[in-house]
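Take a walk through this model, pockets before helix. Keep the chain in view as you read.

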Amino acid sequence: MSKPDIEVLDESDAYPYASHIRVDEREIQLGDLLLVFESDESRSVNFFERIYGFTWPGVITHVVDGPVPAEFHEFDLLAEGIDGGKFAIAPRREQTSFFVDDDTVRTLTLYRYQYQGGWQPILIDERRDPLEDTSLAQSVALCDDSEQVIEELLLTNSPEGEQEYEHIKELLVSAGYQAESVPAVDEVLGE
């Protein structure tokens, strides 16, 4: 395979300093999610890796809730893996962080995985100490549709108070969800 064509899409001088690039006609931004499938034929995801940075020969990722903290993928092998079905890129749609209590920051990130049959929302829910970079807990939810995202955020893992509810609702509306489809605060909190 020939070397991939890499183009910087932001104001950076070169791609190691960029936050947004194009590799062989595929846009990649810092924070996007790399889905690593079991095999080229499988649609079962082995790992979810967040794009962390770009270097001269490739992409640095961090495995979400996995056994290996970081991975490295050379640009040519990444492009080949995407073309062959071993990898897929899910762009980040929206992200928010807020304090749950004095000792915990919660970060919610919504991704949209586009495939031949449609699209699938992916939700990553992380909790960490406010003075740390490392998450205390991470979870990945592959949702069937937008209703399941709402259910996951507001009903399965109910917010602890009205302020947390408002942060979640704001995330959903910013990501394009209809405000009317989000259950009312008293319905969610049981007030």
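Start with strand E10, at the second largest pocket: E10 gives the most to the lining there, with four residues. The model is a predicted one. The elements that supply two or more lining residues to this pocket are strand E3 (26-29), strand E8 (87-90) and E10. The space inside comes to about 270 Å³. Its lining counts 13 residues, and Arg 26, Ile 82, Ala 88, Ile 89 and Gln 114 lie nearest the centre. By character, the lining of the second largest pocket splits into seven nonpolar, two polar and four charged residues.

Now move to the largest pocket. Its volume is about 620 Å³. Here 24 residues form the lining, and the closest to the centre are Arg 50, Glu 126, Asp 133, Ser 135 and Gln 138. Which strand gives the most to the lining of the largest pocket? E10 does, with four residues. Several strands contribute at least two residues each: strand E5 (45-54), strand E6 (58-63), E9, E10, E11 and strand E12 (135-142). The lining of the largest pocket holds eight nonpolar, nine polar and seven charged residues. So E10 is the top contributor to the largest pocket and also to the second largest.Next comes helix H3. The 13 residues of H3 (residues 162-174) should span 18 Å at 1.5 Å a residue, and the end C-alpha atoms are 18 Å apart, which agrees. Which residues of H3 are buried? They are Glu 164, Tyr 165, Ile 168, Leu 171 and Leu 172. Seen down the axis of H3, these buried residues fall within an arc of 125°, so they line one face of the helix. The spacing follows a general rule: an α-helix has 3.6 residues a turn, so residues three or four places apart point the same way.

What covers that buried face? The cover over the buried residues of H3 includes strand E9 (92-101), strand E10 (104-115), strand E11 (118-128), helix H2 (146-156) and helix H4 (185-189). E10 is thus met again here, as part of the cover of H3. Turn H3 around, and the face away from its buried side carries the exposed residues Gln 163 and Glu 170. After H3 comes Gly 176, with a positive phi near 100°.

Definitions and conventions. Residues numbered from 1 in each chain as written. Predicted model: local features only at pLDDT ≥ 70, side-chain atom pairs only at ≥ 80, totals over all residues. Heavy atoms only, no water. Expected span 1.5 Å × (residues − 1). Buried < 20%, exposed > 50% of the residue type's maximum accessible area, 1.4 Å probe, protein only. Arc of directions from axis to C-beta. Contact = heavy atoms within 4.5 Å. 1 Å grid on protein atoms, 1.4 Å probe; cavity = no way out; pocket = protein on both sides within 12 Å on 5 of 7 lines; lining within 4 Å. Points joined across faces, edges and corners; volume = space filled by probe spheres on them. Nonpolar A, V, L, I, M, F, W, Y, C, P; charged D, E, K, R; others polar.
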